[in-house]
Amino acid sequence: TLAKGLDWVVEHHKAQLITTVNLAPVDDLEHAAPVPSDIDVPLKKLRELGIWVSAPAGNHAFAKGISWPACQPNCFAIGAVIPGKNPDEVYLDRSAKIDLVVPAQATSSSNAIACGAAMLLREAIHKTGYDWKQDGPNLPEAMLKIMRSSVHMPIRSA
C-alpha cells in the first residue's frame with residue numbers, strides 16, 4: 001500500500017505540486033542497514049524527480065540503527081536533539097544513517113519540521129534563482145547540504 005502511494009506521488013507530483021513527502025509509518029525496529037522493500041524503487045524515482053522524502057528515525061533510543069523507512073536509501077533519516085539543551089544533545093534513535101537532527105520532543109516532530117523547512121528552502125531557491133547544483137547531484141541532496149551548513153547543531157550521531 002505504501003509503495004502504491006509513493007507511485008501515485010511519482011505519477012501526480014506535477015499536477016498536485018508535490019515537492020515533499022513526510023514518510024512517517026515507523027516500524028519501531030532497530031535497523032543497522034536498509035531493509036529491501038517495495039518502497040525502494042519509488043523512493044529512488046522520487047529522489048531523481050527532485051522530491052524531498054524523509055522519515056523519522058524513531059523514538060526508542062536505539063544506538064545501532066534506526067526505524068524503517070528512515071533506514072532506506074533515498075529517504076532522509078531525521079533524528080532529534082533535546083530542545084533548549086546546550087550543547088545540543090542527540091537522543092532517541094540514532095546511528096550513522098541519520099542525515100539531519102532537529103530540536104523536538106520526538107523524531108516525528110523533527111521530521112515534520114524538516115519537511116516544512118525543505119518546502120520553504122525549495123521556494124527560496126526557486127524565487128532567488130540560486131544555483132543549487134553546486135551543492136548536490138539532485139535538489140533534495142543539495143537542500144540537505146544547505147540545511148546542514150546553515151545550522152550550528154550536530155548533523156551526525158553515533
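Before we start, one cut-off: buried means under 20% relative accessible area, exposed means over 50%, and partly exposed is in between. Keep in mind, too, that this is a predicted model.

**Exercise 1. Sort Glu141 and Arg47 into buried, partly exposed or exposed, then work out what their contact links.**

Step 1. Take Glu141, which has 29% relative accessibility, so call it partly exposed.

Step 2. Now Arg47: at 8% this residue counts as buried.

Step 3. Look at the two side chains, which meet in a salt bridge with 3.3 Å from N to O.

Step 4. Place the partners. Glu141 sits in helix 4 (residues 139-149) and Arg47 in helix 2, so their pairing ties together parts that are 94 residues apart in sequence.

**Exercise 2. Find how Lys44 and Glu48 are spaced in helix 2, and say how open each one is.**

Step 1. Check the contact: the side chains of Lys44 and Glu48 form a salt bridge, 3.5 Å from N to O.

Step 2. Count along helix 2 (residues 40-48). The two residues are four apart, which means about one helical turn separates them.

Step 3. Read off the accessibility. Lys44 comes out at 45% and is partly exposed, while Glu48, at 54%, is exposed.

**Exercise 3. Do the spacing check again for Lys127 and Glu123 in helix 3.**

Step 1. The closest N and O atoms of this salt bridge are 3.1 Å apart.

Step 2. Helix 3 covers residues 107-128, and because Lys127 and Glu123 are four residues apart in it, about one helical turn lies between them.

Step 3. Lys127 is exposed at 64%; Glu123, with 40%, is partly exposed.

Step 4. To finish the charged pairs, note that Lys97, Asp99 and Arg148 are linked in a salt-bridge network. The count comes to five salt bridges.

**Exercise 4. Work out how strand 3 is enclosed and which strands it pairs with.**

Step 1. Go through strand 3 residue by residue: six of the six are buried, so the strand is largely enclosed by the rest of the structure.

Step 2. Split the residues by direction. Phe76, Ile78 and Ala80 point one way, Ala77, Gly79 and Val81 point the other way, and all are buried.

Step 3. Start with strand 2, which runs parallel to strand 3 and is joined to it by three bridges. Here Pro56 has Ile78 as its bridge partner.

Step 4. Move on to strand 5 (residues 98-103). Five bridges join it to strand 3, again in parallel, and Gly79 stands opposite Val101.

Step 5. End with strand 4 (residues 90-91), which is antiparallel to strand 3 and joined to it by two bridges. Val81 stands opposite Val90 there.

**Exercise 5. Track down the backbone oddities at Pro69, Asp28 and Ala61.**

Step 1. Recall the usual picture: most residues other than glycine have a negative phi, and most peptide bonds are trans.

Step 2. Go to Trp68 and Pro69, which are joined by a cis peptide bond with omega about 10 degrees. Pro69 belongs to the loop between strand 2 (52-56) and strand 3 (76-81).

Step 3. Next comes Asp28: not a glycine, yet its phi is positive, at about 60 degrees. You'll find Asp28 in the loop between strand 1 (20-22) and helix 2, partly exposed at 41%.

Step 4. Last is Ala61, another residue other than glycine with a positive phi, near 65 degrees. Its place is the loop between strand 2 and strand 3, and at 45% Ala61 is partly exposed.

Methods:
Residues numbered from 1 in each chain as written. Predicted model: local features only at pLDDT ≥ 70, side-chain atom pairs only at ≥ 80, totals over all residues. Heavy atoms only, no water. Salt bridge = Lys/Arg side-chain N within 4 Å of Asp/Glu carboxyl O. Buried < 20%, exposed > 50% of the residue type's maximum accessible area, 1.4 Å probe, protein only. Pairing = 2+ DSSP bridges.
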